[in-house]
Every structure is written in structure tokens, then in C-alpha cells.
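I opened a notebook on this structure to record what I looked up, entry by entry. The overall build comes before the individual residues.

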Amino acid sequence: MRKIIHILGLGESLKHYVPDGNETIGVNDIFKHHAVDFLVCVDRPLRFSKERFETIKNSKSKKFYSIKFLQPDGECIDEWEKYFNNYVSMKLQSPRGNFSNIDNEKYCYGLCSPIVATALAYKLGATEIVLHGIDLINHTEIKGLLAEKSIQEFISLKKELEKRNISIFVGSKETALYPHFKIYTK
């Protein structure tokens, strides 16, 4: 059975996304642009400006996914948990960029949150995953060699998903992932 899940990042090409009734997974403060079914945030609350933090904190998704963060005393805690009744703690698998173990209970990850969101889409049963706003062109932190590494991570993840008969697309040509990924058409 066909199940499409759209992944929504915060890049410029998000402007081309048009809701179509399929499930959505967004990252960070996506709610300033679109409501999503599931929200993934693998950065600490302190990493965000007050405005971005408030947007995330006030988001209303079916489930909010994040990870435990190491504290100065050596303890790991779920820093986002206190803000969400629908909180789900994710465990990330090491090493970063290893997608061959995507089927285990932990989540594979890379340099950017949409990698984790894509792994979540797979675990939620997606047969087709469409990436929107994951441009890797004008990101404030992921640029240059980091952007190239992120592109390679997405290509590696795509290859692993294709081995499992999962298709992954981009929603626009305005991303560095195109032409490595086909454009999604309904």
C-alpha cells in the first residue's frame, strides 16, 4: 500500500510545498510556515533564539520527537520533554552517517535534522518520502564542505531506502539535492 510522507525543512524551496492530505514531518520551528503531523528537533532548546524557541514550544503536532542531551554532570536528559505531553525520546545510532542499520530501533542521523526526520518517515511506514525546504544551499550553519557532506549523506540514505523499495524525492529543483533526487509528481 502506498504511503507518502512529506518532510518539511526550513529552506527557501519550502515555498513550493502544497499540502495534499498526506502525513508531514517537520523540523525545528517549521510551525512558523506550516503545521505538521510530527515534529523533530534534535538541537537543544538553548540553541534557538527566543522567537524560534517559542514557536517550537507552542507547536501542536501529534508527536514531538527529540533526543537526550548530555548535561555538565554527565547525566543525559530529555530537555524538550517538559514542554510536550506528546514527547517521544529518540535514540540515535552511531556512527553518524551510517544508514545500513536503518531497520534497528535506534535512528540514524547525519549533519542535519531532516536526516532524522527521513529515518522517522521510514519507521512510520512511508513508501514514498518527499523532501521540501531541504536546500543545503543557503543554510546558516551547513555550508561549504558541511553542505557537501550533507548532500552525500542524503544520497547514501536514499540508496539504503531504495534497497527497501522506498522512493525518496525532492519537491523542487531549488535544492542541492537535485539532480541526485527526482522531482516528486503526484
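Entry 1, burial and surface. I looked up burial first, and 51% of the 186 residues of the protein count as buried. The model is a predicted one. I then took the exposed area, which is about 9700 Å² for the protein. Carbon and sulfur atoms supply 50% of that area.

Entry 2, elements and overall dimensions. I counted three helices and nine strands in the protein. Read from the N terminus, their order is β-β-β-α-β-β-β-β-α-β-α-β. The radius of gyration is 16 Å, close to the 16 Å that the globule rule gives for 186 residues, so the protein is as compact as a globular protein of that length. I also noted the span of the C-alpha trace along its principal axes, about 45 × 40 × 30 Å.

Entry 3, contacts and charges. I considered contacts between residues at least 6 apart in sequence; 54% of these join residues at least 24 apart. For charge, I compared the mean positions of the 27 positive and 23 negative charges, and they are 2 Å apart.

Entry 4, aromatic pairs. How many aromatic pairs does a search of the whole structure find? I obtained 10. One of them joins Phe 64 and Trp 80, whose ring centres are 5.5 Å apart; the planes stand at 50°, so I recorded the pair as tilted. Phe 64 belongs to strand β4, and Trp 80 to the loop between β6 (76–77) and β7 (87–90), so this pair ties together parts that are 16 residues apart in sequence. I checked the accessibility of each partner. Phe 64 is buried, because its relative accessible area of 0% falls under the 20% cut-off. Trp 80 likewise counts as buried, at 0% relative accessibility.

Entry 5, a second partner for Phe 64. Are the rings of Phe 64 and Phe 84 stacked or tilted? Their centres are 3.8 Å apart and their planes at 5°, so I recorded the pair as stacked. Phe 84 sits in the loop between β6 and β7 while Phe 64 is in strand β4, so the pair ties together parts that are 20 residues apart in sequence. Both Phe 64 and Phe 84 are buried. I then followed the pairs outward and found one aromatic cluster formed by Phe 48, Phe 53, Phe 64, Trp 80, Tyr 83, Phe 84 and Tyr 87.

Entry 6, Thr 24. I located Thr 24 in strand β2, which covers residues 23–27. Its relative accessible area is 5%, so Thr 24 is buried. Which residues are in contact with Thr 24, leaving aside its neighbours within four places in sequence? I listed His 6, Tyr 17, Ala 35, Val 36, Asp 37 and Phe 38.

Entry 7, Lys 60. I placed Lys 60 in the loop between α1 (50–57) and β4 (63–67). Is Lys 60 buried or exposed? Its relative accessibility is 67%, so Lys 60 counts as exposed. Not counting residues up to four places away in sequence, Lys 60 touches Phe 31 and Val 36. I also recorded a separation of 7.6 Å between the C-alpha atoms of Lys 60 and Ala 35, which are 25 residues apart along the chain. Val 36, touched by Lys 60, is also among the contacts of Thr 24.

How values were computed:
Residues are numbered from 1 along each chain as its sequence is written. This is a predicted model: local features need pLDDT of at least 70, side-chain atom pairs count only at pLDDT 80 or more; totals for chains, interfaces and linings use all residues. Side-chain values use heavy atoms; hydrogens and water are left out. Helices (H or I, at least four residues) and strands (E, at least two) are DSSP runs, numbered from the N terminus. The radius of gyration is taken over C-alpha atoms; the globule rule is 2.2 Å times the number of residues to the power 0.38. Buried means under 20% relative accessible area, exposed over 50%, partly exposed in between (1.4 Å probe, protein chains only). Contact means heavy atoms within 4.5 Å. Accessible areas come from the Shrake-Rupley method with a 1.4 Å probe; for residues, only the protein chains shown count as cover. Lys and Arg count as positive and Asp and Glu as negative; His and the chain ends are not counted. The place of a charge is taken as NZ of Lys, CZ of Arg, CG of Asp or CD of Glu. Rings of Phe, Tyr and Trp (its six-membered ring) pair if their centres lie within 6.5 Å; planes under 30 degrees apart count as stacked, over 60 as edge-to-face and the rest as tilted.
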